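Student: Could we go through this structure together and ask what stands behind each label we put on it?
Tutor: Gladly; let us have a look.

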Amino acid sequence: MAGVDPIEIRRLASPDLSRHLDGLAAVLPDCVAGRASVSYMAPFSHADARAACEAWSEEVQQGKRMLLAAFLDDTVVGTVQVVFATPPNQPHRADVAKLLVHRSARRRGVAQRLMEHAEAESRAVGRTLLVLDTVTGDDAERLYTRLGWTKVGVIPSYALYPDGRPCDTTVFWKAL
Ligand SMILES: CC(C)(COP(=O)(O)OP(=O)(O)OC[C@H]1O[C@@H](n2cnc3c(N)ncnc32)[C@H](O)[C@@H]1OP(=O)(O)O)[C@@H](O)C(=O)NCCC(=O)NCCS
């Protein structure tokens, strides 16, 4: 129907999360294949991704992280996480991690929608300061700037691209 937003953002927890683990696991290798520096080195298989998703799922059940998924026609096309497992002296803070959108669904606002929901859900549970880091100069850096995040600075050669080349990292924060 015209005018209906086809992108749906859902916060996944048990039992929904277990049902969508394979869908989530499909997004991660696609991003690594697209040379995104998101913790993993190439080659990165669906089985590798499934294992990572299972570990995240356990932490979601333990309340240590929140996982949001973006659906297009009932297929997972993107995801983002908020890590709540902060030290005792940082109960108001959380880290945003693993903002990932499948290459087939990019440039239609999926990441922006995921981030808006992540911020709203974090605020709703009393987290008033979010922190993240991202590859310097990549698409995500423009997104965070557009969404009102403040850039702290750049750490040179902080991480590696999947093919082993070093990349700089930019650290951002946002008060909610
Ligand atoms: C970074 C990433 C998450 C962005 O996802 P995305 O869903 O394409 O992001 P958005 O659609 O919200 O915004 C991307 C661009 O599309 C544009 N856009 C949004 N909706 C649009 C639409 N309907 N039509 C045309 N363009 C649109 C945005 O303005 C933005 O433009 P810009 O890059 O020139 O600033 C994605 O590229 C990705 O997964 N990269 C690999 C993993 C990664 O690096 N993650 C970040 C880790 S911190």
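**Ligand contacts and fold**

Student: What makes the pair of arginine 106 and the ligand a polar contact?
Tutor: An N or O atom in the side chain of arginine 106 is 3.3 Å from an oxygen atom of the ligand. A polar contact is a pair of N or O atoms within 3.5 Å, so the pair at 3.3 Å counts. This is a predicted model, where local features need pLDDT of at least 70 and side-chain atom pairs count only at pLDDT 80 or more, while totals for chains, interfaces and linings use all residues. Residues are numbered from 1 along each chain as its sequence is written, and side-chain values use heavy atoms, with hydrogens and water left out.

Student: Which atoms of arginine 108 and arginine 146 approach the ligand?
Tutor: For arginine 108 a polar backbone atom is 3.2 Å from a ligand oxygen. For arginine 146 a polar side-chain atom lies 2.9 Å from an oxygen of the ligand.

Student: How much of the ligand does the protein bury?
Tutor: Taken alone, the ligand exposes 950 Å², and the protein buries 74% of that (Shrake-Rupley method, 1.4 Å probe).

Student: Which elements give two or more residues to the shell around the ligand?
Tutor: They are strand S4 (93-101), helix H4 (110-124), strand S5 (129-135) and helix H5 (139-146). H5 gives the most, with five residues. Helices here are DSSP runs of H or I with at least four residues, and strands are E runs of at least two, numbered from the N terminus.

Student: What makes a residue part of the ligand's surroundings?
Tutor: One of its heavy atoms must lie within 4 Å of the ligand. There are 19 such residues, and among the closest are Leu99, Arg107 and Arg142.

Student: How are the elements of the chain ordered?
Tutor: Five helices and seven strands run β-α-α-α-β-β-β-α-β-α-β-β from the N terminus on.

Student: Why is the chain called as compact as a globular protein of its length?
Tutor: The globule rule is 2.2 Å times the number of residues to the power 0.38, with the radius of gyration taken over C-alpha atoms. For 176 residues the rule gives 16 Å and the chain's radius of gyration is close to that at 16 Å, so the description fits.

Student: What is the omega of the peptide bond from serine 14 to proline 15?
Tutor: Omega is near 0°, and the bond is cis. Proline 15 is in the loop between strand S1 (7-12) and helix H1 (16-19). The bond from alanine 42 to proline 43 is also cis, with omega near -5°. Most peptide bonds are trans.

Technical notes. A polar contact is a pair of N or O atoms within 3.5 Å; within protein, one must be able to donate a hydrogen and the other to accept it, and residues adjacent in sequence count only if both atoms are side-chain atoms.
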